[in-house]
Amino acid sequence: MNADLHVHSVHSNDGKQTVAEILNECRVKNIGAVALTDHNEIGAWEDVGDVSDIIIIKGIEVTTSEGHILAYGVDRLIPRNLPIKDTVDMIHEAGGIAVAAHPYRWWSGIGGENVDGMGFDAVESINGRSLKSSNYRALKLAKKLNLPIVGGSDAHTSPSVGRTFTVIPDECKNEKDVIAAILNKQTQTGGDHRTKLSSLKYVGLNILRWMRRGFKKM
């Protein structure tokens, strides 16, 4: 079963798709599980409604003092802008697992040096909005630290949903099963990387957004 474990909705300040649009795209592309991982927001959880054909993972992309961390399976909002270790600890206290999101992405990755010894449960080894070289380094980091791997599209618009993914066991029936599969290293990853041209456009857009936010982190 393919799962997209990094997706943003309109509840992210840069998201362009509703939860209903995300779920419809998952159905079209046969994505059996999706993690709703908005930036420091959990409003998407309320928008899911009664869904039985797609496994929903309650997630957040948490901004720390050093970069972004993915939280899966948490039961509450995790405060932003805290140190990495404090954020990881709070994710665990909220019943979830902590994943190093696109660790080598310039601008929002925490860097490989900040993953070791921090209590991370997994590494995002492929992200649809990261360069192939950055994803390759993330995979090497996961292997070096003997950590499980996940992949996600980091989709902010519907066409990108499912382009990058995690393969999970078909036996997974709910959020708990998916998280267990990750922790037990029963996952594989696949999909597309960002091109260099697309990355240059992304950097320019983020600098513009950063300026508009008054030079504050997302």
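1. A small item to start with, on the aromatic rings of this predicted model: the count comes to one aromatic pair. Its members are Trp106 and Trp107, with ring centres 5.3 Å apart and 55° between the planes, which makes the pair tilted. If you look at how open the two residues are, Trp106 is exposed, at a relative accessible area of 56%, while Trp107 is partly exposed, at 33%. The cut-off for exposed is over 50%, so Trp106 passes it and Trp107 falls in the class in between.

2. Now to the sheet. Nine strands make up an open sheet with mixed pairing, and the order to follow on your screen is β7-β6-β5-β4-β3-β2-β1-β8-β9. The edges belong to β7 (149–152) and β9 (188–191); each has a single partner strand, so one side of each has no neighbour in the sheet. From one strand to the next, the twist averages 35°.

3. It is worth zooming in on the β7 edge. Strand β6 (residues 122–127) runs parallel to β7, and four bridges join the two. If you want a landmark there, Asn127 stands opposite Gly152 in β7.

4. Two helices deserve a look against the sheet. Helix α1 (residues 19–28) packs on it and touches β1 (2–7), β2 (31–36) and β3 (55–63), with its direction at about 155° to that of β2. Helix α5 (residues 175–183) lies across β1, β3, β4 (68–72), β5 (97–100), β6 and β7, and runs at about 60° to β3.

5. On to the interior. In soluble globular proteins, nonpolar side chains tend to be buried together. Here the largest nonpolar core holds 23 residues, and the most contacts inside it are made by Ile69, Val74, Ile78, Ile91, Val115, Phe120 and Val123. Two or more residues each come from β3, β4, α3 (84–93), β5 and α4 (132–145). Helix α4 gives the largest share, four residues.

6. Which residues is Ile69 in contact with, once neighbours within four places in sequence are left aside? The list includes Ile60, Glu61, Val62 and Thr64, then Ile84, Thr87, Val88 and Ile91, and also Ala98, Val99, Ala101 and Phe120. Ile91 and Phe120 are also named with Ile69 among the residues with the most contacts inside the core.

7. Finally, please don't miss the other core, which lies apart from the largest one and has 19 residues. Among them are Ala33, Ala35, Ile55 and Val178.

Technical notes: Residues numbered from 1 in each chain as written. Predicted model: local features only at pLDDT ≥ 70, side-chain atom pairs only at ≥ 80, totals over all residues. Heavy atoms only, no water. Pairing = 2+ DSSP bridges. Axes fitted to C-alpha atoms, helices over the stretch in contact; angles between N-to-C directions. Contact = heavy atoms within 4.5 Å. Phe/Tyr/Trp six-rings, centres within 6.5 Å; stacked < 30°, edge-to-face > 60°. Buried < 20%, exposed > 50% of the residue type's maximum accessible area, 1.4 Å probe, protein only. Core = buried A, V, L, I, M, F, W, Y, C linked by side-chain atoms within 4.5 Å.
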